Amino acid sequence: MSRIIGIDLGTTNSVVSVMEGDSPVVIPAKEGSHTVPSMVGFSRRGERLVGPLAKRQAATNPEGTLYAIKRLIGRKRDDPNVDEAARTCAYKIVAAGNGDAQCQVGDLVISPEELSSAILGYLKEIAEEFLGESVSDAVITVPAYFDDAQRQATRDAGRIAGLNVLRILNEPTAASLSYGVFDEECTGQIIAVYDLGGGTFDVSILRLSEGVFEVLATAGDTFLGGEDFDRRIIEWLAKEFKADCGIDVLEDRLAVQRLKEAAEKAKCELSRETSTEIQLPFLATTEKGPAHLSRTLTRETFEDLVMDLVKKTHGPCEEALEMAGLSAAEIDDVLLVGGQTRTPLVQQIVEQIFSREPNRGVNPDEVVGKGAAIQAGILCGDVKEIVLLDVTPLSLGVEIRGGGFVKMIDRGATVPCRRTRIFTTTADNQSKVEVHVLQGERELASANKSLARFELVGIPPAPRGTPQVEVAFDIDSNGIASVSAKDISTGLEQQVVVTPTSGLTPEEIEDAIEQAEAYRTEDRDRIAAKRAKGKLQALLETNEKTFKEFHSLLDEARREKVEETFLACKKALGADDGEDVAQALESLSEISRILTEVALFDPA
Ligand code: AMP
């Protein structure tokens with residue numbers, strides 16, 4: 001059986017892990033780092049860049065570099081949160097035909113699912129290189145607070161990347177697995193997982209018993225995270241800069257990208273230092289010449305800028321405690337997850353909320369990814385069986401006449417779960433009823449998130465109110481909902497026409513899989529071409545050195561041949577033709593043989 005990988009698909013960074021023996025290990029990325037930037041870029045030459053390469057081009061090509069994609073996945077373009085993202089990010093966010101948010105780079109319009117699939121594909125490749133075998137199965141984590149559309153979209157992204165997604169696992173549950181599975185002392189504990197990452201915040205309360213990890217409550221905000229902290233610094237810098245030289249740099253996408261990088265760097269430094277210098281030379285040009293930005297940001301000012309953001313996490317914590325029926329004093333330990341929890345102010349507020357010092361023993365960047373690997377280990381039988389009892393973060397229900405919303409599965413219900421309800425007709429001889437499935441907490445249907453519309457067709461003619469159609473709602477262990485229907489009078493399963501109101505259609509997914517395959521081939525060819533060039537460059541340098549030393553031992557004809565070959569190699573290195581590189585390598589091998597011969601027979 002091939003190995004199952006665990007993936008933490010983060011807003012800012014992603015992590016891939018696997019079980020090695022009894023422990024989960026994070027698979028190092030190609031550059032040795034344990035995290036991969038969750039970014040996809042399209043270079044001006046039309047190449048697709050993923051991870052570190054995309055991050056590298058962000059400063060020079062902000063419109064072509066897509067980040068924080070997780071904030072868009074499974075959302076509509078007219079979602080106010082997406083509006084906010086579109087207002088502040090450097091790339092364009094547009095609406096698809098069904099209203100879904102999509103990204104645009106030049107003429108290319110691309111869905112968040114496809115972009116996430118590029119990141120997942122990159123992680124898959126890293127894992128395959130590390131393990132030396134192909135990988136097809138994965139567990140992927142999502143914020144506990146992700147709704148159905150966001151979960152479905154994440155699973156689709158996995159499919160597009162060529163991954164069979166065995167489980168969509170909630171991030172806090174993954175964190176609790178890392179924390180508690182191998183430590184017997186944790187048995188019987190009630191823990192809080194406070195997860196503040198790049199783009200989302202969630203908090204969960206879990207009871208860890210022998211063999212059962214039960215989520216008691218979960219709450220959060222899918223649009224609160226480190227990106228917002230960065231934004232506050234960017235806005236502060238822009239304001240100070242405007243006061244200095246009168247220029248609004250927020251209008252200039254290139255400048256904003258530079259501010260963004262500087263802001264994040266400063267924010268991270270302020271987790272260790274009490275003040276930091278931000279220098280951005282040539283940020284803009286005025287009539288008097290170039291204008292440079294130079295500012296000192298103290299931890300105190302930074303804390304003022306982000307205080308309301310940190311305090312915003314208080315509400316969901318209270319909510320989760322209330323849902324779990326617990327007081328803060330009953331929590332045995334608080335785990336900090338997500339890079340943004342490194343900010344000292346966040347740790348202070350967490351301490352205030354839970355009246356106890358949070359646990360600093362877990363690595364906030366790796367704990368979720370490792371938990372995903374442990375879940376993978378459980379699925380393939382390498383790790384002892386643990387029953388995970390998760391809860392649904394949001395209520396699921398249907399629209400009723402007059403635009404109201406009736407809940408069928410309440411938030412906080414333990415999943416997997418199933419509820420049924422009888423529907424009937426409102427007119428005589430009505431042959432079909434439409435069921436509009438929604439997720440959310442508002443009483444007004446239109447204020448909740450539309451998941452799907454069902455048409456129950458073929459109802460036999462009958463006076464209104466007589467037919468009985470039993471509609472069943474299921475939420476599986478991935479937190480993904482599905483609906484089925486049965487006509488009670490005939491006992492037959494009714495035909496259910498499901499029209500998802502968001503996400504990619506099956507055809508679009510198939511297209512995306514083909515595209516991704518094409519990209520993979522292109523990526524592979526590019527990597528092979530790069531490697532061939534690297535080899536040619538190294539071989540050329542060695543031969544040039546040897547030639548410099550021993551050229552006098554060659555006759556005129558061979559000297560010319562060597563020089564011609566060197567020239568051809570340099571030409572091949574400067575161009576983009578794989579054939580030329582292969583040819584140059586071959587000719588150079590011949591030269592190498594000649595030079596080695598003369599060097600070996602050097603009379604000196
Ligand atoms: P995650 O989604 O868990 O990868 O968290 C990423 C977020 O954590 C980003 O907004 C980072 O800027 C932020 N982050 C990472 N390291 C630090 C640090 N040392 N101090 C403050 N924030 C950090």
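**Close-up 1. Helix H5 is mostly covered.** In H5 (residues 171–180), 9 of the 10 residues are buried, where buried means under 20% relative accessible area, exposed means over 50%, and partly exposed is in between (1.4 Å probe, protein chains only). The buried ones are Glu 171, Pro 172, Thr 173, Ala 174, Ala 175, Ser 176, Leu 177, Tyr 179 and Gly 180. Helices here are DSSP runs of H or I with at least four residues, strands are runs of E with at least two, and both are numbered from the N terminus. The model is predicted, with local features needing pLDDT of at least 70 and side-chain atom pairs counting only at pLDDT 80 or more, while totals for chains, interfaces and linings use all residues. Residues are numbered from 1 along each chain as its sequence is written, and side-chain values use heavy atoms, leaving out hydrogens and water.

**Close-up 2. Strands S8 and S9 form a hairpin.** S8 (residues 92–95) and S9 (residues 101–105) run antiparallel to each other and pair over 4 bridges; for two strands to count as paired, DSSP has to find at least two bridges between them. Ala 95 has Ala 101 of S9 as its bridge partner. Between the strands sit 5 residues, and Gly 99 takes a positive phi near 90° in this hairpin.

**Close-up 3. Three strands make an open sheet in the order S6-S5-S7.** The pairing is antiparallel. S6 (48–50) and S7 (65–66) are the edge strands, each with a single partner, so one side of each has no neighbour in the sheet. S5 (residues 40–42) pairs with S6 over 3 bridges, and Phe 42 stands opposite Arg 48 of S6.

**Close-up 4. Arg 87 and Glu 84 form a salt bridge in helix H2.** A salt bridge is a side-chain nitrogen of Lys or Arg within 4 Å of a carboxyl oxygen of Asp or Glu, and the structure holds 33 of them. In this one, the closest N and O atoms are 3.3 Å apart. The two residues are 3 apart in H2 (residues 80–88), which puts about one helical turn between them. Arg 87 is exposed at 58% relative accessible area, while Glu 84 is partly exposed at 37%.

**Close-up 5. Helix H6 has salt-bridge partners in helix H7 and strand S17.** Glu 227 and Lys 260 meet in a salt bridge at 3.4 Å, N to O. This pair links distant parts of the chain, with Glu 227 in H6, Lys 260 in H7 and their positions 33 residues apart. Both Glu 227 and Lys 260 are buried. Arg 295 forms a salt bridge with Glu 240, their closest N and O atoms being 2.6 Å apart. Arg 295 lies in S17 (residues 289–298) and Glu 240 in H6, so this pair ties together parts 55 residues apart in sequence. Glu 240 is partly exposed, at 27% relative accessible area. Through shared partners, salt bridges join Glu 240, Asp 244 and Arg 295 into one network.

**Close-up 6. The loop between H6 and H7 holds Asp 248.** The loop runs between H6 (226–245) and H7 (253–269). With 30% relative accessibility, Asp 248 counts as partly exposed.
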